[in-house]
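User: Please take a close look at the nonpolar interior of this chain, and set it in the context of the overall fold.

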Amino acid sequence: MKRLTSCIKRIGRYGKKLIRDKEFWAYTFVFWGLMFGIYLYLIYAGMAKAPEFTYAEF
Amino acid sequence: MKKIAAFITAFILFIISATVMTVSDDREIAMNNPKLGLWVNDYKDKSATAINQNLGSKMSLLLGSSEFHYGKKTKYHPSKVFANRSEQFMIIGASYTQSMFHAILVGSAAPHMQRKEAILLISPSWFKAKGVQPGAFAMRFSETEYLGFVRNSQISDDLKKKVAKEVENRLSTYKEMREKIHLYNKVYVYNNATPVERLVCLGQRVWSEKADHIAFKSAVNLTKIKRYKHWVRPKHKHGQVPLGATRRWEGIRMQAEKEATERAGDNPFYMSQKLFEEKVQPRMEFKKDSSLRDSYAKSPEYDDLKLFVEVCKEVGVKPKFIMLPQNGYWYDYTGFPRNRRDVVRDKVKIIAEKNNIEFIDLYDDGYDKYFFKDTVHPSAKGWIKINEAIDLLY
């Protein structure tokens with residue numbers, strides 16, 4: 001139990017340090033941007049992938 | 001360590017933002033605007049969610065094909081004529097959206113329809129000997145509407161199996177979609193999927209519904225934003241009666257006839273002079289007597305139409321037919337024998353009679369001068385006649 005609480009405290013201390021770390025936020029933003037970009041790309045690529053057919057009117 | 005922590009944080013943020021996006025999408029797609037039904041747009045046609053969430057209590061389905069894309073900027077198009085009337089329609093149709101497409105659509109939309117009625121504009125050109133080409137079928141196929149169809153518990157397993165078989169056959173040119181449909185069929189139609197397949201199917205379904213949302217929203221926001229805003233707040237000058245607000249079709253018909261006659265010029269097919277010069281004249285020599293062997297007597301489209309009726313019956317939707325004409329002067333020129341053309345009207349009429357379906361026959365207007373904008377699509381004059389028929393059936 002003591003080990004667990006000390007581990008949580010250590011994580012908390014590390015977390016507090018990270019929140020003030022600009023480099024950490026820069027990396028977070030880049031990773032988030034990449035993930036969200038891929039997500040949007042996959043959705044829009046799926047939309048644009050519909051097959052085409054030449055409309056023969058006559 | 002810092003990078004790992006950043007990655008984990010980014011992943012959590014991504015999950016939150018994707019969830020927020022999904023929830024806001026769900027809210028925005030239901031636009032609570034009956035005028036949305038009159039919007040003629042391919043993305044709307046393919047989006048089960050957009051159709052289902054915007055079906056108003058007084059709204060009937062108005063189904064057809066390419067004719068909806070002709071004259072849509074004119075005041076004679078149904079999207080304008082019915083814009084300020086009590087009758088409400090969800091217009092769905094583009095080139096090659098024929099009976100099978102509409103059968104799937106009705107099967108998918110029925111549970112969301114309060115006014116269970118579907119008016120189908122039937123074009124003779126649907127009934128070619130080979131039916132819809134696989135490429136054309138694939139172009140118009142909607143994954144989300146198909147999902148809605150196979151998941152509709154009102155539809156019998158036998159009917160689902162018939163449609164499933166046909167759809168898999170017709171998607172021969174679109175293998176990626178065919179594989180997806182095969183999986184959906186295993187899960188929802190044949191009930192022989194493994195647990196892993198069910199899981200993959202769930203993922204595929206959620207993903208396709210998401211893509212459907214975004215495609216429709218993009219179409220609304222980017223393509224037609226001005227027009228859509230106009231619909232939300234229609235602006236009519238004080239005292240001006242919008243066209244179609246009265247039932248005086250006669251006055252509108254005269255106006256439309258005058259306009260169609262002026263646009264027709266002096267071509268031998270009584271069609272729009274502009275379209276004649278652009279599309280018909282360059283091919284006239286090649287088209288002369290090119291349809292001598294053609295016939296509408298046998299076509300897989302008749303079975304598709306029967307399937308459409310069957311689906312309507314099972315889901316409790318009342319189908320109503322309007323038989324459209326085609327430009328008789330042009331088809332005479334191509335040598336398409338008249339008796340082998342006219343058979344289409346008789347065969348469709350028999351299907352309607354056997355199933356007690358209200359049927360309005362405009363087929364004889366094929367020789368009505370200035371009815372057409374080109375060889376098959378209606379002009380201003382043609383649209384007014386069709387609108388009258390729609391009005392009668394609503």
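Analyst: With 394 residues, chain B would be expected, as a compact globule, to have a radius of gyration near 21 Å, and its value of 23 Å agrees with this; the radius is taken over C-alpha atoms, and the globule rule is 2.2 Å times the number of residues to the power 0.38. The model is predicted, so that local features need pLDDT of at least 70 and side-chain atom pairs count only at pLDDT 80 or more, while totals for chains, interfaces and linings use all residues. Residues are numbered from 1 along each chain as its sequence is written, and side-chain values use heavy atoms, with hydrogens and water left out.

Of the residues of chain B, 57% count as buried, that is, under 20% relative accessible area with a 1.4 Å probe, protein chains only. The largest nonpolar core has 77 residues, and B:Phe321 and B:Val348 have the most contacts inside it; such a core is a set of buried Ala, Val, Leu, Ile, Met, Phe, Trp, Tyr and Cys residues joined through side-chain atoms within 4.5 Å. Helix H15, residues 300-315 of chain B, gives the most to this core, with 8 residues, a helix being a DSSP run (H or I) of at least four residues, numbered from the N terminus.

Leaving aside neighbours within four places in sequence, B:Val348 is in contact (heavy atoms within 4.5 Å) with B:Ile122, B:Phe127, B:Tyr302, B:Leu305, B:Phe321, B:Met323 and B:Phe359. Apart from this core lies another, of 28 residues, including B:Leu38, B:Phe82, B:Ile252 and B:Ile386. Across chain B, among contacts between residues at least 6 apart in sequence, 80% join residues at least 24 apart.

Note on methods: Chains lettered and ligands numbered in written order. Buried < 20%, exposed > 50% of the residue type's maximum accessible area, 1.4 Å probe, protein only. Helix = DSSP H or I, 4+ residues; strand = E, 2+ residues; numbered from the N terminus.
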